[in-house]
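Q: Take a close look at one part of this model. Which residues have the most contacts inside the largest nonpolar core, and which strands supply this core?

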Amino acid sequence: GAHIANSRLGYSMDGGHDVDGDDLPDLAVGAWDWEEGANDTGAAWVVPGSWIASQTSQSASQPPGAVQDLVPSGGSHRISGLLDEEELGRSVALVPGLSGDRAGLAAGASHASISGVYDSGGARIHEWILGEGLDPQAWAILAGESWDSRLGEFIAGGSLAGSPHVVVGGIRADGNTLDGGAAYLLDLGAL
């Protein structure tokens with residue numbers, strides 16, 4: 001699980017689509033302040049619906065040490081940010097239909113410098129490989145276009161006309177005006 005102080009686990013969540021192919025809806029959870037090898041790299045998890053269903057309810061009176069982990073242990077359920085202060089997991093979304101009838105995971109990294117421009121932000125989309133888990137290599141990457149655009153601050157996944165789509169927003173992206181913000185709709189089925 002995510003037992004790192006100040007990781008901000010649960011800052012972003014999405015659910016309702018089957019990622020792992022067991023016909024149960026799964027959950028995506030982000031922790032933008034997760035630190036693994038560098039400061040604020042961030043992380044995002046897919047929590048299988050079957051794992052959630054197997055957990056037992058616990059009373060609120062139990063001490064914090066007795067509370068079940070929110071996410072199953074093991075790297076196959078997690079993707080981690082790659083860069084110092086990337087803040088992957090600031091936003092998360094399940095993208096239906098990315099791998100046939102299974103969903104994929106999209107994670108925003110609003111402070112990443114994916115394009116080489118400081119704090120331009122971006123998003124990474126990962127596929128679930130049956131029997132293995134999340135592919136650590138991104139299926140697609142979107143990079144912010146300008147300094148401090150914070151692309152990836154918001155993200156949503158959906159299906160339009162049977163094709164997987166993702167919308168990625170940046171609160172300071174230079175759409176049509178300085179720091180006016182922007183949202184980009186990507187047809188992942190066309191990639």
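A: The core comes after a short look at the whole chain. This is a predicted model: local features need pLDDT of at least 70, side-chain atom pairs count only at pLDDT 80 or more, and totals for chains, interfaces and linings use all residues. Residues are numbered from 1 along each chain as its sequence is written, and side-chain values use heavy atoms, with hydrogens and water left out.

The chain holds one helix and 13 strands (DSSP runs, H or I of at least four residues for helices, E of at least two for strands, numbered from the N terminus). Its order along the sequence is β-β-β-α-β-β-β-β-β-β-β-β-β-β. Of its 191 residues, 46% are buried (under 20% relative accessible area, 1.4 Å probe, protein chains only).

Now the core. A nonpolar core is a set of buried Ala, Val, Leu, Ile, Met, Phe, Trp, Tyr and Cys residues joined through side-chain atoms within 4.5 Å. The largest one has 15 residues. Ile-79 and Leu-105 have the most contacts inside it. Strands S3 (43-47), S5 (88-99) and S6 (102-109) each supply at least two of its residues. S6 gives the most, with four.

Ile-79 deserves its own list. Contact means heavy atoms within 4.5 Å. Neighbours within four places in sequence aside, Ile-79 touches Ala-43, Ala-44, Leu-88, Leu-105, Ala-107, Arg-124, His-126, Leu-134 and Asp-135. A second, separate core has 13 residues, including Val-95, Ala-123, Ala-140 and Val-168.

Across the chain, residues 24 or more positions apart account for 51% of the contacts with a separation of 6 or more.

Terms used:
Buried < 20%, exposed > 50% of the residue type's maximum accessible area, 1.4 Å probe, protein only.
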